[in-house]
Amino acid sequence: MPENVAETQATIRNDWSQQEVEALFAMPFNDLMFKAQTVHRANFDANAVQISTLLSIKTGGCAEDCGYCPQSAHHESAVKAEPLMPLDEVMKSANEAKEAGANRFCMGAAWRSLKDRDLERVAEMVEGVKSLGLETCVTLGMLEEHQAKRLKDAGLDYYNHNLDTSPEFYGEIITTRTYEDRLNTLSHVRDAGINVCSGGIVGMGEGRHDRAGLLISLANLPTQPQSVPINLLVQVEGTPLDGVDNLDPIEFVRTIAVARIMMPKSFVRLSAGREHMTDELQAMCFLAGANSIFYGEKLLTTDNPDTNHDQQLFKRLGITPWVGEEKTEERSCSSAA
């Protein structure tokens with residue numbers, strides 16, 4: 001085994017440089033895939049994928065101007081503002097997700113930041129979903145220190161707050177929230193003892209330099225995110241990014257592979273954009289080290305492959321749902337031996 005691959009398997013690094021990461025992106029494709037798969041097998045069951053379900057608990061009317069998002073009040077999309085969903089409807093959706101095979105239930109609200117007046121209602125949702133035996137995750141915008149502590153007390157397992165892109169390209173996509181704002185929220189989440197779910201979006205017109213910069217920003221955090229969603233832009237009519245050039249699918253797979261190498265112990269999730277991916281492209285992403293997906297026909301406001309299609313794809317690929325940390329660790333040790 002090449003020495004540099006063995007080092008990557010054994011060490012979580014927080015000092016990646018731009019030059020190093022761009023060199024990974026530039027590797028011959030087969031070599032990059034081999035390196036990513038080798039790292040993946042040393043840390044995870046190569047044929048297990050973690051399954052999450054995402055529910056929009058508060059849709060539309062967001063004060064942010066994110067260029068990709070149809071929920072922004074700044075854009076003329078078809079998404080209309082709705083109030084926070086009642087607890088009983090959230091619980092109904094969580095039960096359905098569990099029956100469909102999900103082990104994590106994620107709740108998203110289109111807010112710039114969580115308001116204290118809504119904190120207790122969200123905490124009740126977290127407590128209710130947790131009582132079903134599901135892992136819990138929320139994405140609520142910016143978070144203050146006391147809010148993170150309350151959500152932790154309610155049993156929250158993961159908080160999602162994406163960095164979206166590189167620091168250099170960020171201003172081309174969002175002007176209403178700074179990169180530092182996002183990093184501060186992640187700091188509050190870590191300090192509260194909540195797992196971090198943080199990734200980004202590719203295909204927004206950025207270059208490879210920016211895709212590398214995004215992964216560097218994530219990998220070089222004080223603690224690497226436990227979950228790293230990699231979204232492929234879903235172009236929505238009425239948003240500023242509608243009509244940008246599509247990202248080369250091979251470049252998307254490269255992004256997954258580099259993420260796996262840089263963050264060897266993180267779950268790397270195929271998130272938005274799977275509805276437009278072929279089964280073959282998804283299979284390549286799993287080979288590159290992706291080991292998490294969202295189940296269900298809707299991701300907040302955009303389409304997602306239906307559950308039956310995912311089950312059939314898993315069957316064709318010999319993939320089984322990830323069932324818990326102990327099993328993953330046991331198989332990882334076995335495969336690395």
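1. In this predicted model, Cys106 belongs to strand 2, which covers residues 104-109. Its relative accessibility is 2%, so Cys106 counts as buried. Outside its neighbours within four places in sequence, Cys106 makes contact with Ser52, Thr53, Leu54, Leu55, Cys137 and Phe294.

2. The UniProt record, an unreviewed entry, lists Cys106 under "binding site", together with Cys137, Cys197 and Arg269. These positions are spread over 164 residues of sequence, yet they cluster in space, with a largest C-alpha distance of 13.9 Å. Cys137, one of the listed positions, is also among the contacts of Cys106.

3. Arg269 is placed in strand 8, residues 267-270. With a relative accessible area of 1%, Arg269 falls under the 20% limit and is therefore buried. Leaving out neighbours within four places in sequence, the residues in contact with Arg269 include Cys197, Ser52, Arg104 and Phe294. Further contacts of Arg269 include Ser227, Val228, Pro229 and Ile230, as well as Ser292 and Ile293. Ser52 and Phe294 also appear among the contacts of Cys106.

4. Arg104, a contact of Arg269, forms a salt bridge with Glu135, and the closest N and O atoms lie 2.9 Å apart. This pair links distant parts of the chain, since Arg104 is in strand 2 and Glu135 is in strand 3 (residues 135-139), 31 residues apart. The two partners should be described separately as regards accessibility: Arg104 is buried, at 1% relative accessible area, whereas Glu135 is partly exposed, at 22%.

5. A salt bridge also joins Lys130 and Asp157, with the closest N and O atoms 2.7 Å apart. It again connects distant parts of the chain: Lys130 is in helix 5 (residues 116-130), while Asp157 is in the loop between helix 6 (145-153) and strand 4 (158-160), 27 residues away. Lys130 is partly exposed, with a relative accessible area of 34%. Asp157, at 16%, is buried.

6. In total, the structure contains 15 salt bridges. Among them is the pair Arg13 and Glu20, whose closest N and O atoms are 2.9 Å apart. Arg13 has a relative accessible area of 23% and is partly exposed; Glu20, at 30% relative accessibility, likewise counts as partly exposed.

7. One further point concerns shared partners. Glu206, Arg208, Arg211 and Glu251 are joined into one network by salt bridges that have partners in common.

Notes: Residues are numbered from 1 along each chain as its sequence is written. This is a predicted model: local features need pLDDT of at least 70, side-chain atom pairs count only at pLDDT 80 or more; totals for chains, interfaces and linings use all residues. Side-chain values use heavy atoms; hydrogens and water are left out. UniProt positions are given in the numbering used here, feature names are shortened, and annotations may be inferred rather than shown by experiment. Helices (H or I, at least four residues) and strands (E, at least two) are DSSP runs, numbered from the N terminus. Buried means under 20% relative accessible area, exposed over 50%, partly exposed in between (1.4 Å probe, protein chains only). Contact means heavy atoms within 4.5 Å. A salt bridge is a side-chain nitrogen of Lys or Arg within 4 Å of a carboxyl oxygen of Asp or Glu.
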